[in-house]
Amino acid sequence: MYPPCFWQNSNATVFSRLLAPASAFVAFCAARRQKQSGWKAPVPVLCCGNITVGGTGKTTVALDIIQRLQQRDVAVHALIRGYGGNVKNTTRVKVTKHTAQDVGDEALLLAAKCPTWVGGDRVASAKAAVQAGAQFLVMDDGFQNPGLSKDVSLVVIDGAVGLGNGCVLPAGPLRETSQNAFERASAFLLVGEDQAGFMRQYGEQLSPKTVLRADLQPISADIDVLKSSTCVAFAGLGRPSKFFDGLKKAGVRVVAAVAFPDHYFYKTKDMNKLLALSTQYHGQLITTPKDAARLPSSMRAHIKTVGVGLEWENSAEIENMLSELLTKYHIL
């Protein structure tokens, strides 16, 4: 499912005005939910969340932070709901056992790097992780979930789209009002160039909280093996264009780019279409690791993946944030 175009129209539209009453109800429910108190874990909890629906790069941010903690020899575990998966109860993800249909694509990416727990009950997942030896918990999403108390809520903003038209669902892409979200956030991470004018529009409201900046970059080792090839790219992400544009900027010759809905599970007919394009253009099929997790297993050998990493404008800022948390809990 693709987001409606009027979500990105900052001027009031007929659709957003008609949906205003429903948005007011969603905002009321979201604000009421936040009045609940959360369980306080005995270890640091850092949430990589967002205000809007759709992809902002939260999992990439979570993976970056996990790697930084592992470099400090901290036993970090990841918590994620497991969007798109069938497993609903608290479960530790096993990459050799679970599939994207079981736990969702993002959970598999996290589990390849550190112990990862899925389940709708974040408190149950946190308790299971702590019992299993976690010294630090990183939440991928869950900013709007009040069940687990967070030490740091790092809100990720996609610079290309910002907060869209600034309206709450269904009149716009926001899960809650920006004012309520800004009050609860510990810091913000603006990913990519601020094309939507997020800082111009909301900068004064964010003060004095920290706004970090970073950019998504294709992993060079994945790119190097493709630079001499003609490629057919496909992706089912919140904004597939981010992947396609990143490939082109990195020097990959993309002759065709096919977009699918976010978290899309590929079917045989989709694979046939992609293989036909590959034959037509004599191109190598490429996609993201997240998409590869949702491919039929028989197709994965024919497709190369290109991962993305986070390049911080000032990595000392995130390192200092982690140091403060570790010091507070006497982990360093």
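**Strand pairing, helix packing and ring contacts**

Colleague: In the antiparallel pairing of β8 with strand β13 (residues 308-312), how many bridges join the two strands?

Modeller: This is a predicted model, and the values below are computed from it. Within the pairing of β8 and β13, Q217 stands opposite G309 of β13. The two strands run antiparallel, and the number of bridges joining them is 5.

Colleague: Which residue of β8 stands opposite V191?

Modeller: Strand β8 (residues 210-218) also pairs with strand β7 (residues 187-191), in the parallel sense and over 5 bridges. V191 falls within the range of β7. The residue of β8 that stands opposite V191 is A214.

Colleague: Which strands form the edges of the open sheet that contains β9 and β11?

Modeller: This open sheet has 4 strands with parallel pairing, in the order β10-β9-β11-β12. An edge strand of the sheet pairs on one side only. The edge strands are therefore those at the two ends of the order, since pairing is what defines neighbours here: β10 (253-260) and β12 (303-305).

Colleague: By what average angle are neighbouring strands of this sheet turned against each other?

Modeller: The sheet concerned is the open one with the order β10-β9-β11-β12. Direction is ignored in the average, and the angle between neighbouring strands is 30°.

Colleague: Which residue of β12 is the bridge partner of T287?

Modeller: Strand β11 (residues 284-287) pairs with β12 in the parallel sense, over 3 bridges. T287 belongs to the β11 range. Its bridge partner in β12 is T305.

Colleague: At about what angle does helix α11 run to β10?

Modeller: Two helices may be considered with this sheet. Helix α10 (residues 240-249) packs on the sheet and touches β9 (230-236), β10 and β11, with its direction at about 155° to that of β9. Helix α11 (residues 268-281) lies across β9, β10 and β11, and its angle to β10 is about 165°.

Colleague: What kind of aromatic pair do F182 and Y202 form?

Modeller: A search of the whole structure finds 10 aromatic pairs. In the pair of F182 and Y202, the ring centres are 5.6 Å apart, with 80° between the planes. Planes over 60 degrees apart count as edge-to-face, so the pair of F182 and Y202 is edge-to-face.

Colleague: How many residues apart in sequence are the parts that this pair ties together?

Modeller: F182 lies in helix α7 (residues 178-184), whereas Y202 lies in helix α8 (residues 198-206). Both residues are buried. Because the partners sit in these two helices, the pair ties together parts whose separation in sequence is 20 residues.

Colleague: What is the angle between the ring planes of F198 and Y202?

Modeller: F198 and Y202 both lie in helix α8, 4 residues apart, about one turn of the helix. F198 counts as buried at 1% relative accessibility, and Y202 counts as buried at 6%. Their pair is tilted, with 5.3 Å centre to centre and a plane angle of 40°.

Colleague: Over the ring of which residue does the charged end of R184 sit?

Modeller: Charges over rings may be taken together here. K127 lies over the face of W39, at 5.2 Å from the ring centre. The charged end of R184 sits 4.3 Å from the centre of its ring, which belongs to F143.

Colleague: Is K97 buried or exposed?

Modeller: K97 is placed in the loop between β3 (91-92) and α4 (100-103). Its relative accessibility is 59%. A value over 50% counts as exposed, so K97 is exposed.

Methods: Residues are numbered from 1 along each chain as its sequence is written. This is a predicted model: local features need pLDDT of at least 70, side-chain atom pairs count only at pLDDT 80 or more; totals for chains, interfaces and linings use all residues. Side-chain values use heavy atoms; hydrogens and water are left out. Axes are lines fitted to C-alpha atoms, for helices over the stretch in contact, and angles run from 0 to 180 degrees between N-to-C directions. Contact means heavy atoms within 4.5 Å. Rings of Phe, Tyr and Trp (its six-membered ring) pair if their centres lie within 6.5 Å; planes under 30 degrees apart count as stacked, over 60 as edge-to-face and the rest as tilted. Buried means under 20% relative accessible area, exposed over 50%, partly exposed in between (1.4 Å probe, protein chains only). A charge sits over a ring if NZ of Lys or CZ of Arg is within 6 Å of the ring centre and within 35 degrees of the ring normal.
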